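Reader: I'm new to reading protein structures, and I'd like a close look at one single part. Could you pick a strand and walk me through its surroundings?

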Amino acid sequence: MTIQTLQNWFTTYKETSLHGRYITRDDINPLFNDISSKVEIEQLGVSENDELIHLFKLGSGEKKLLLWSQMHGNESTTTKAVFDLLNFLNDNSNTLGTKILDACTLYIVPMLNPDGARAYTRPNFNLVDLNRDAQKKTQKESVLFASLVQRVQPDFGFNLHGQRTIFSVGETNVPATVSFLAPAGDKERTITPVRKIAMEVIAKMNDVLQNCIPNGVGRYDDGFNINCVGDTLVDMGIPTILFEAGHYPNDYSREITREYIFYSLLTSIDYISNTDITGDGYNEYFSIPENGKCFYDIIIRDVILNDKSVDIAVQYKEELIGNRVEFVPEVAKIDNLQKFYAHKEVLGKKRTIRNENVTVEIVPKTRLLKFYLDSELFLIESIKR
């Protein structure tokens with residue numbers, strides 16, 4: 001499978017009705033009829049605020065894969081990629097899709113936290129982080145997901161998430177566009193046979209992604225927390241892969257990252273479908289650098305503030321305004337930030353910041369970070385997606 005082939009498939013099967021960051025049940029409901037020719041659709045239950053939660057089942061193979069997206073409601077990139085994948089698999093003329101579905105049965109929860117998706121929040125309606133509720137199962141969403149795991153007894157779990165713009169690949173100036181993790185199943189973070197299997201699959205995805213985002217793949221922190229869903233599944237003996245959809249330069253809509261998640265999903269599922277995975281290839285997983293936290297959205301470099309030379313870091317705060325996500329600039333840190341990087345830099349050239357407090361000023365119909373370098377006015381606008 002070449003990158004050119006993957007690019008062509010993405011162009012062909014991209015679900016164009018889904019775009020941007022704000023994806024809710026209202027956006028995916030109209031797509032149910034389009035995928036129903038090959039997909040069994042089951043209502044699993046309802047959320048804490050009575051939104052429907054559905055399961056898609058497709059394929060007839062022995063290898064059982066369980067995928068779930070938007071466990072955190074404001075992490076929608078993987079949901080878009082899931083529907084791109086469904087369009088691919090639902091095409092009867094696609095021989096690879098047919099082979100995958102002959103070898104595998106896929107169980108997909110496209111939106112586990114519809115209340116959080118509607119409010120554009122990480123937690124659910126009761127402000128509970130579902131990815132910290134795997135043991136206590138205090139929420140309806142957690143109960144129905146745990147019941148689904150018991151019913152399906154999956155051979156693989158795909159835990160689909162999104163990642164903030166702060167993450168880098170190691171301590172470098174390369175953003176972590178995609179990150180993966182083979183979660184630990186115990187506090188010692190033992191490299192068990194179950195983890196090795198997940199690591200081998202991740203290594204295959206990394207091989208593919210290096211051809212299109214060289215050095216842009218990171219490895220998420222594997223600190224153990226039994227309350228997390230992935231850690232719980234690994235403790236149960238289920239190889240689990242965490243996908244983190246991160247930032248690509250200027251891609252605040254995450255439409256470019258979405259494409260790389262599609263590549264990753266298709267690569268991993270194809271590999272699982274045609275390979276007896278032993279975990280022997282797990283070592284390549286450790287060639288992926290761990291995530292650092294080296295990025296701000298904007299850094300204003302080398303300015304004079306209160307007679308001192310400093311850098312000013314700006315981070316966007318994501319806010320839901322109507323039915324769009326607005327990225328509002330806020331000052332995050334003022335210091336010597338030479339060990340940090342930015343997705344955009346402003347060169348201060350030792351000019352003086354006139355706004356001593358560096359505050360956000362309200363301008364009619366928009367919100368701007370407004371400051372002067374000597375007499376030159378700079379405006380950092382909010383971004384709408």
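Author: Happily; here is a walk around strand S9 and its partners. The model is a predicted one, where local features need pLDDT of at least 70, side-chain atom pairs count only at pLDDT 80 or more, and totals for chains, interfaces and linings use all residues. Residues are numbered from 1 along each chain as its sequence is written, and side-chain values use heavy atoms, leaving out hydrogens and water.

First, the setting: the chain has 10 helices and 18 strands. Here helices (H or I, at least four residues) and strands (E, at least two) are DSSP runs, numbered from the N terminus. Of the 385 residues in the chain, 57% are buried, meaning under 20% relative accessible area with a 1.4 Å probe, counting protein chains only.

Now to S9, which covers residues 240–245. Six of its six residues are buried, so the strand is largely enclosed by the rest of the structure. That holds for both faces: one side carries Thr 240, Leu 242 and Glu 244, the other Ile 241, Phe 243 and Ala 245, and all are buried.

Next, its partners; two strands pair if DSSP finds at least two bridges between them. Strand S5 (residues 156–162) runs parallel to S9, with six bridges between them. In this pairing, Gly 162 sits opposite Ala 245 of S9. Strand S7 (residues 178–181) is antiparallel to S9 and is joined to it by four bridges. There, Phe 180 stands opposite Phe 243 of S9, and Phe 243 is one of the buried residues named above.

Technical notes. Buried < 20%, exposed > 50% of the residue type's maximum accessible area, 1.4 Å probe, protein only.
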